[in-house]
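New to this one? Take a look at the sequence and the model below, and then we'll walk through a few of the spots where side chains meet.

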Amino acid sequence: MILTDKETTAIRDLQTQEQSCIEKYRRYGTQAKDGELQSLFQKLEKEEQQHYQSLGKVLSGSVPSCNCNDNSGKNYSPKAAYSAMTDSDDKKNDCFLATDCIGTEKMVSSEYNSNVFKFSEPELRKLLADIQIEEQNHAEMLYKYKTVNGMS
């Protein structure tokens, strides 16, 4: 598969977004107070790394396969660390981190949504659509974390 200049630029831009997500989850994983949130950030960091690597394969001329049936958001059931009545600094910190990441996931998902139509290769569009769904799942998981901890 040979990418046009426009397609190459779009993939590199998406890789930049993925790299930012990787770094954010790495940093936030060390800043989170709750072990559940730390684990979630570690999981999401690994998934963002997979996205980055998939995009790298595209730049190298191949399109990795995707499952296109991801239920990780739907199946995520976090354990509560905070009650709805808790108003601790730790809870406020974790709420900020989760909320910030939801905003990031919404923005990255939007980037995939607008970029997917720049590509003519059906398998590449399928990969980008799958990554977009995974980004939406990340936001859903973070929202569920906030909800169970009385943060939403």
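Let's start with the rings: Y25, Y28 and F41 come together as one aromatic cluster. Keep in mind that this is a predicted model. Across the whole structure, the search turns up 2 aromatic pairs. In one of them, the ring centres of Y25 and F41 sit 5.6 Å apart with their planes at 35°, so this pair counts as tilted. Y25 belongs to helix 1 (residues 5-31) and F41 to helix 2 (residues 35-59), so the pair ties together parts that are 16 residues apart in sequence.

Are these two rings buried or exposed? Y25 is buried, at 2% relative accessible area, and F41 is buried too, at 0%. Who surrounds F41? Setting aside neighbours within four places in sequence, F41 is in contact with Y25, Y28, G29, A32, L97, A98, C101 and L142.

F41 also turns up in the largest nonpolar core, a set of 33 residues. The residues with the most contacts inside that core are L40, F41, L128, L142 and Y145. Helix 1, helix 2, helix 4 and helix 5 are the elements that each give two or more residues to this core.

Helix 2 deserves a stroll of its own. It has 25 residues and reaches 36 Å from its first C-alpha to its last, close to the 36 Å expected at 1.5 Å a residue. At its start, a side-chain oxygen of D34 comes to within 3.2 Å of the backbone nitrogen of E36. Just past the other end of helix 2, G61 has a positive phi of about 105°. The buried residues of helix 2 include L37, L40, F41, L44 and L55, but also E45, E48 and H51. Helix 1, helix 4 and helix 5 are among the things that cover the buried residues of this helix.

Now for the charges. Side chains of opposite charge can pair when their charged atoms come close. How many salt bridges does the structure hold? There are 7, and here are some of them:

| Salt bridge | Closest N to O |
|---|---|
| K24 and D100 | 2.8 Å |
| K43 and E47 | 2.7 Å |
| E140 and K144 | 3.7 Å |

The bridge between K24 and D100 links distant parts of the chain: K24 is in helix 1 and D100 in helix 4 (residues 89-115), 76 residues apart. K24 is buried, with a relative accessible area of 19%, while D100 is partly exposed at 25%.

The other two pairs in the table stay within a helix. K43 and E47 both lie in helix 2, 4 residues apart, or about one turn of the helix. An α-helix has 3.6 residues a turn, so residues three or four places apart point the same way. K43 is partly exposed at 35% relative accessible area, whereas E47 is buried at 12%.

In helix 5 (residues 122-148), E140 and K144 are also 4 residues apart, so about one helical turn separates them. E140 is partly exposed, at 30% relative accessible area, and K144 is partly exposed as well, at 24%.

Finally, which residues are linked in a network of salt bridges? They are E23, R26, R27 and E45. E45 brings us back to helix 2, where it is one of the buried residues.

Definitions and conventions: Residues are numbered from 1 along each chain as its sequence is written. This is a predicted model: local features need pLDDT of at least 70, side-chain atom pairs count only at pLDDT 80 or more; totals for chains, interfaces and linings use all residues. Side-chain values use heavy atoms; hydrogens and water are left out. Rings of Phe, Tyr and Trp (its six-membered ring) pair if their centres lie within 6.5 Å; planes under 30 degrees apart count as stacked, over 60 as edge-to-face and the rest as tilted. Buried means under 20% relative accessible area, exposed over 50%, partly exposed in between (1.4 Å probe, protein chains only). A salt bridge is a side-chain nitrogen of Lys or Arg within 4 Å of a carboxyl oxygen of Asp or Glu. A nonpolar core is a set of buried Ala, Val, Leu, Ile, Met, Phe, Trp, Tyr and Cys residues joined through side-chain atoms within 4.5 Å. Contact means heavy atoms within 4.5 Å. The expected span of a helix is 1.5 Å times one less than its number of residues. A polar contact is a pair of N or O atoms within 3.5 Å; within protein, one must be able to donate a hydrogen and the other to accept it, and residues adjacent in sequence count only if both atoms are side-chain atoms.
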